[in-house]
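Trainee: I have this one open and don't know where to look. Can we start with the inside and then go on to the pockets?

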Amino acid sequence: MAVLIVAGLDTGGGAGLKADIETVSALGEHPLPVLTSVTYQNPSEVRGYHTLPPEVVREQIRAVRGSFKIGAVKIGMLGSREIAEAVKQETEGLTRVLDPVMESSTGAKLVDSVESVKVLILGSIVTPNVPEAEALSGLKIRSIEEMKEAAKVIAEELGAEAVVIKGGHLSYTDVLYWKGKLYEFPGERVEGFTHGTGCVFSSALAVFLAKGFELPETVERAKRFVEGSIRFSKAEARAVNPLWELERDAHRWRAKGELEEAVKELMELGEKLNPHVPEVGTNFALATPFSEVFAVKGRIVRYGGTIKPVGPVEFNASDHLRRALLKMREFYPEVRAVLNLRYSEELVEKAKKLGLVVSFYDRREEPEDVKRAEKGTMEWGIESAVKRVGKRPDLIYHLGDWGKEPMVLIFGRSAMEVVERVRALSSR
Ligand SMILES: Cc1ncc(COP(=O)(O)OP(=O)(O)O)c(N)n1
Ligand SMILES: Cc1nc(C(=O)O)sc1CCOP(=O)(O)O
């Protein structure tokens, strides 16, 4: 099924047509991109925009309308009244999702007037955020109840088929008004970049409608998709990531394979490694670029004269090493793997001789409030060891405390790098 996308280009690659194309593709449908305007923007500012002649927009839609089975159309930045009129005529008869783009999150205008957006409301499923809903309804919105009022006004007075007001600016609850009924979709704050959320939401809505879902389920699915695209957004883009699900699953698959290979390799060191395995066991953890961590379920234990993994490599199979790794990645994101061994002076001296960067933390220096908190010691320890050495540590040790075994953590940029370090450290 094809989804027609009528939108503007964001040169920063965060919102607009690029986000729409990725959303439609990621959700398994075929995007038909129609350009209305070129914006000059980055995630911090919109410097301006140029709208295409309405005839150019019209011809783009005409070129594809008869050649594809179009399940729905998503309409984003229109730019001008003339373009809005052309899009209205050329998309007649299609299921239309209208993201009534008026301003960017940075406060720049992206359409000549509110009236131009209103041209397309009749018969459309409209997805305003709170400021857009205020502009369309003329009402002030300060609560979920007021979101409901505004949604009703936009549907009943302006003729929208349905209205979804996104609550991101208010409470994270979205409100749908459809066929005289109101629905609430609660959500919670998700950490990550949000530039482009409006575009991704409306495109996802168009896709799920094209797939044949009923509106309430469509809104629920689109909302969860947007939450994922915020949670798995990337620092270099400073915007949502519509490819999150595909990338996350690919990274999970690769990380699991990489760690399984490395564990196999580690087992070859069995007899040499046996004396270095602590009482609590050794674990080996690897993070994906999204900081999801895989490890060995049940850890690796001494077994006769050799060593043995208790269970398979699994997602979230580590607590201590996961926390150590995630803390380390806050300072050095290139560090992806870590393994723990029993502390010995010889091991630490050998690491220094091999040219590894060694640091440590001393639990006696741990502040009282961190000690009292359930799980802050590891994070505090890694941070203090990183700061102590002033560069990326390859090995961090601590000398233990009451009921806590002294430990050495060996870090690396890949699972194999850790194995090579362990090989060098355990060789006689
Ligand atoms: C070309 C273009 N189209 C739309 C927007 C607005 O994006 P949106 O996802 O609604 O949200 P913000 O990131 O602006 O909040 C845009 N900026 N550029
Ligand atoms: C129990 C323990 N303590 C460590 C420390 O560095 O203090 S490393 C370690 C073993 C690994 O644990 P997990 O399987 O929870 O990652």
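Mentor: This is a predicted model. The largest nonpolar core has 39 residues.

Trainee: Which of them touch the most other members?

Mentor: Leu4, Val6, Ile75, Leu78, Val87, Leu98 and Ile165. The largest share of this core, 5 residues, is from helix H6, residues 144-158.

Trainee: What is Leu78 in contact with, leaving aside neighbours within four places in sequence?

Mentor: Its contacts include Ile83, Ala84, Val87, Leu98, Val117 and Leu120. Thr36, Ser37, Thr51 and Ser116 are also in contact with Leu78.

Trainee: Which residues does the second, separate core include?

Mentor: Ala19, Leu27, Trp178 and Phe232 are among its 37 residues.

Trainee: OK, pockets. How much space lies in the largest one?

Mentor: About 1100 Å³. It is lined by 45 residues, and Asn129, His169, Thr194, Thr197 and Gly198 are the closest to its centre.

Trainee: Which elements give two or more residues to that lining?

Mentor: Strands S1 (2-10) and S2 (30-42), plus helices H5 (130-137), H7 (197-210) and H8 (215-231). By class, the lining has 18 polar, 16 nonpolar and 11 charged residues.

Trainee: And what volume does the second largest pocket have?

Mentor: About 610 Å³. Of its 27 lining residues, His320, Arg323, Arg363, Met378 and Lys404 lie nearest the centre.

Trainee: Where does the largest share of that lining come from?

Mentor: From H11, with 3 residues. Helix H14 (377-389) and strand S18 (407-412) each supply at least two. The lining of this second largest pocket divides into 11 charged, 9 polar and 7 nonpolar residues.

Technical notes. Residues numbered from 1 in each chain as written. Chains lettered and ligands numbered in written order. Predicted model: local features only at pLDDT ≥ 70, side-chain atom pairs only at ≥ 80, totals over all residues. Heavy atoms only, no water. 1 Å grid on protein atoms, 1.4 Å probe; cavity = no way out; pocket = protein on both sides within 12 Å on 5 of 7 lines; lining within 4 Å. Points joined across faces, edges and corners; volume = space filled by probe spheres on them. Helix = DSSP H or I, 4+ residues; strand = E, 2+ residues; numbered from the N terminus. Nonpolar A, V, L, I, M, F, W, Y, C, P; charged D, E, K, R; others polar. Core = buried A, V, L, I, M, F, W, Y, C linked by side-chain atoms within 4.5 Å. Buried < 20%, exposed > 50% of the residue type's maximum accessible area, 1.4 Å probe, protein only. Contact = heavy atoms within 4.5 Å.
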